[in-house]
Structure formats: structure tokens, C-alpha cells
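Work through the exercises below with the sequence and the structure at hand. Each task is followed by a solution in steps.

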Amino acid sequence: MDLVKDYAYPLPINVISYMLGVPQADQARIRVWSEAIAHGLGLGRQEPGVAEQIRAFGEYIVQLVADKRQHPADDLISQLVAIEEEGDRLDEAELISMISLLIFAGHETTSNLIATGTLMLLDHTEQLDIAKADLSLVPAVVEELLRFNGPATIAGPRFATEDIELAGQQIKKGDMVIPILKSSNRDELQFTDPEELDITRKMKRHLAFGSGIHMCLGAPLARVEGDVAFSTLLRRMPNLRLSVPRENVNWHFTLSSQGLISLPDAF
Ligand code: HEM
């Protein structure tokens with residue numbers, strides 16, 4: 001199988017679609033739009049066709065909201081529509097933007113956690129064996145995979161509210177600072193042997209989900225999905241192994257995320 005296409009991608013999109021009430025038949029289109037948005041997110045990037053894809057995604061959400069207004073169901077979009085209709089807590093533009101964000105943020109990153117995390121375990125077979133022998137370690141495995149090679153490269157930009165000095169750098173009030181999460185998660189002042197994957201480490205707080213008021217809203221859901229994905233994989237496919245040479249595994253990078261294009265495996 002290709003673990004990206006056959007496992008890591010379908011699981012999170014199924015979960016978020018089910019929670020929100022997005023029809024399953026639309027998932028293929030959502031994947032195309034999500035990839036376009038992920039590309040469009042690079043600072044200063046303007047790739048041809050991206051704006052149209054983003055517009056098409058927006059129009060799709062507007063239509064979906066209109067359908068839910070007509071036919072409310074037991075799902076999150078219908079609940080958000082009800083809140084919007086109640087009055088001043090959420091307006092239509094915020095509703096559309098929130099749903100787009102939840103669909104987009106709710107699957108791309110988690111798919112990357114499952115696929116990249118699997119590759120990291122296949123790269124570190126001694127760690128994989130420890131996890132397989134004791135599945136109660138899986139939540140710790142997920143945390144270590146988030147720290148060691150989490151899907152989000154950077155958090156959203158921050159703006160200094162006053163002049164500060166940070167690690168010898170002068171930052172002026174109003175300057176933009178982009179936190180590099182991957183660097184902080186390998187901080188030798190915070191973690192012992194940060195370059196080692198160690199699923200048994202006593203984890204101190206990592207920053208794979210960001211920090212502060214904009215910390216990832218979906219972190220608890222992503223953690224549950226990670227637990228389910230890795231426990232199931234280790235239990236059902238204990239002989240999982242790469243079916244291509246390691247150097248043929250290809251990555252895709254954007255400014256804010258990284259993931260695998262495919263992960264051909266035998267099991
Ligand atoms: C492993 C999976 C995930 C990772 C690594 C991840 C990572 C992040 C990061 C780094 C941020 C920015 C935090 C900051 O700027 O401080 C963020 C924000 C956000 N994430 Fe996630 N995320 C994941 C899964 C999810 C899921 C499953 C959802 C939704 C169901 C979600 C929804 C959001 C939302 C709505 C925000 C914006 C929060 C705000 O600005 O207040 N994420 N995420």
C-alpha cells in the first residue's frame with residue numbers, strides 16, 4: 001500500500017468531515033483545494049491557479065452552509081449555523097471562515113503526523129519494537145513524534161508589543177517574529193539528546209501545536225487520532241516495512257508544513 005494515500009490521508013479527513021457534516025463524496029475535491037491552500041500559504045507566494053482554488057473552496061462552503069440551513073443535521077456545521085442565527089456571537093463571514101479553517105486545518109497536519117511519524121518509526125526500528133511490545137506507550141509515541149518531527153514547521157507570525165532582546169537579538173516594538181517550532185522542539189536546553197527519537201523520554205512541554213492564545217484548537221482531536229492511528233497500525237500490521245529504498249521516499253515542503261508525498265509499504 002501507499003501509507004499516505006491509503007491510511008494517513010483518509011483517516012483525518014473522514015473524522016473531520018463526519019464531525020462537521022461534510023458529505024463523503026466531496027472529499028476528493030476538498031483534497032485538491034486543501035493542497036492549493038497549503039501552497040498558497042507560503043509567505044510572498046503567488047502560484048498560478050491558487051486564488052481560483054481558494055475561491056472555489058469558499059463557494060463550496062457557502063453552498064454547504066446554505067444546505068445545512070435548509071436541512072439541519074446532528075453535526076458541527078448545523079450547530080454553528082444555529083449559533084449564527086441566534087444573534088451576535090458569530091456572523092456569516094466568520095462562520096464561513098471558521099468552517100474552511102476547520103476543514104483545512106483539521107486534516108492536512110494530522111495526515112502528515114501519521115505518515116511522517118510512521119516513517120520515523122521505520123527509521124528507528126529499536127523504538128518501533130519497544131512500541132509494538134507495549135501499546136500503552138502509544139500516547140507517548142505520539143508526543144515524541146510531534147516533538148521530533150511534527151508536521152508544522154512554524155507558528156503564525158507574532159508582533160512584538162515592546163522592544164525586547166531575545167538570545168542576543170534586538171527586536172523592536174512592532175517587528176514581526178516567526179517562531180520556528182521545529183527548532184524549539186530540538187532545543188538542547190529543554191530536551192536531553194534532542195536529536196534522538198526516544199519514545200520513553202520524560203517529555204517536557206513541546207511546541208508542535210504552538211503556544212498561547214492561538215495554540216492549536218484541534219490538538220486534543222489530533223492526539224486522539226494519532227493514538228488510534230498508531231495503535232491500530234502497530235497491532236494490525238506488525239510487519240510493516242518500506243517497499244522502496246529509503247532514499248526514494250519523497251517529501252513536500254511549504255513554508256509552514258512538511259509531509260510525505262507517498263510512503264510505499266509492504267505489510
Ligand atoms: C498533528 C496535527 C496538528 C498540528 C501539528 C497542528 C499545529 C498547529 C499549529 C502549529 C498552529 C498555530 C499555533 C500558533 O500559531 O501558536 C495551529 C493552529 C490551529 N489549528 Fe492545528 N494542528 C493540528 C491539527 C489540527 C486539527 C485536527 C484541527 C481542527 C480540528 C486544527 C485546528 C486549528 C485551528 C482552528 C488553529 C488556529 C487557532 C487560532 O489561531 O486561534 N489543528 N495548529
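**Exercise 1. Decide whether H107 is buried or exposed, then place it in the chain and list its contacts.**

Solution. The structure is a predicted model.
Step 1: the relative accessible area of H107 is 0%. A residue counts as buried under 20%, so H107 is buried.
Step 2: H107 belongs to the loop between α6 and α7.
Step 3: with residues up to four places away in sequence set aside, H107 touches Y9, P12, I13, I16, I30 and S34.

**Exercise 2. State which residues are closest to the ligand and which polar atoms face its oxygen atoms.**

Solution.
Step 1: the ligand is surrounded by 26 residues, and the closest are T109, G156, R158, H214 and C216.
Step 2: take G156. One of its polar backbone atoms is 3.1 Å from an oxygen atom of the ligand.
Step 3: take R158. An N or O atom of its side chain is 2.7 Å from an oxygen atom of the ligand.
Step 4: take H214. Here too the partner is an N or O atom in the side chain, at 2.7 Å from a ligand oxygen atom.

**Exercise 3. Describe the shell around the ligand by helix and by residue class.**

Solution.
Step 1: the space that the ligand takes is the largest pocket.
Step 2: at least two shell residues come from each of α6 (92-105), α7 (108-123) and α11 (219-236).
Step 3: α7 gives the most, with 3 residues.
Step 4: sorted by class, the shell residues are 17 nonpolar, 8 polar and 1 charged.

**Exercise 4. Find the burial of N185 and of L234, and name what each one contacts.**

Solution.
Step 1: N185 sits in the loop between α10 (181-184) and α11.
Step 2: the relative accessibility of N185 is 3%, so N185 counts as buried.
Step 3: apart from neighbours within four places in sequence, N185 is in contact with L146, R147, F191, H206, L207 and A208.
Step 4: L234 is part of helix α11. Because its relative accessible area is 8%, L234 is buried.
Step 5: leaving aside neighbours within four places in sequence, the contacts of L234 are L128, A131, K132, L135 and V138.
Step 6: one of these partners, A131, is 103 residues from L234 along the chain, and the C-alpha atoms of the two are separated by 7.9 Å.

**Exercise 5. Explain what is unusual in the phi of A167 and D193, and say whether each is buried or exposed.**

Solution.
Step 1: recall the general rule. Most residues other than glycine have a negative phi.
Step 2: A167 is not a glycine, yet its phi is positive, at about 45 degrees. D193 is not a glycine either, and its phi is likewise positive, at about 45 degrees.
Step 3: A167 lies in the loop between β2 (164-166) and β3 (169-171). D193 lies in the loop between α10 and α11.
Step 4: exposed means over 50% relative accessible area. A167 has 81% relative accessibility, so it counts as exposed. D193 has 52%, so it too counts as exposed.

**Exercise 6. Classify I54 and D123 by accessibility, and give the C-alpha distances of I54 to A36 and of D123 to M19.**

Solution.
Step 1: I54 is in helix α4 (residues 50-70), and D123 is in helix α7.
Step 2: the class between buried and exposed runs from 20% to 50%. With a relative accessible area of 38%, I54 is partly exposed. D123, with 34%, is partly exposed as well.
Step 3: I54 and A36 are 18 residues apart along the chain, and their C-alpha atoms are separated by 7.1 Å.
Step 4: D123 and M19 are 104 residues apart in sequence and 34 Å apart in space, C-alpha to C-alpha.

**Exercise 7. Name the residue whose side chain is joined to that of D123 by a polar contact.**

Solution.
Step 1: start from D123 in helix α7.
Step 2: the side chain of D123 makes a polar contact of 2.7 Å with the side chain of R246.
Step 3: the residue asked for is therefore R246, and a polar contact requires N or O atoms within 3.5 Å.

Terms used
Residues numbered from 1 in each chain as written. Predicted model: local features only at pLDDT ≥ 70, side-chain atom pairs only at ≥ 80, totals over all residues. Heavy atoms only, no water. Near = heavy atom within 4 Å. Polar contact = N/O pair within 3.5 Å; in protein donor to acceptor, adjacent residues only side chain to side chain. 1 Å grid on protein atoms, 1.4 Å probe; cavity = no way out; pocket = protein on both sides within 12 Å on 5 of 7 lines; lining within 4 Å. Sits in = over half its atoms within 2 Å of the grid points. Helix = DSSP H or I, 4+ residues; strand = E, 2+ residues; numbered from the N terminus. Nonpolar A, V, L, I, M, F, W, Y, C, P; charged D, E, K, R; others polar. Buried < 20%, exposed > 50% of the residue type's maximum accessible area, 1.4 Å probe, protein only. Contact = heavy atoms within 4.5 Å.
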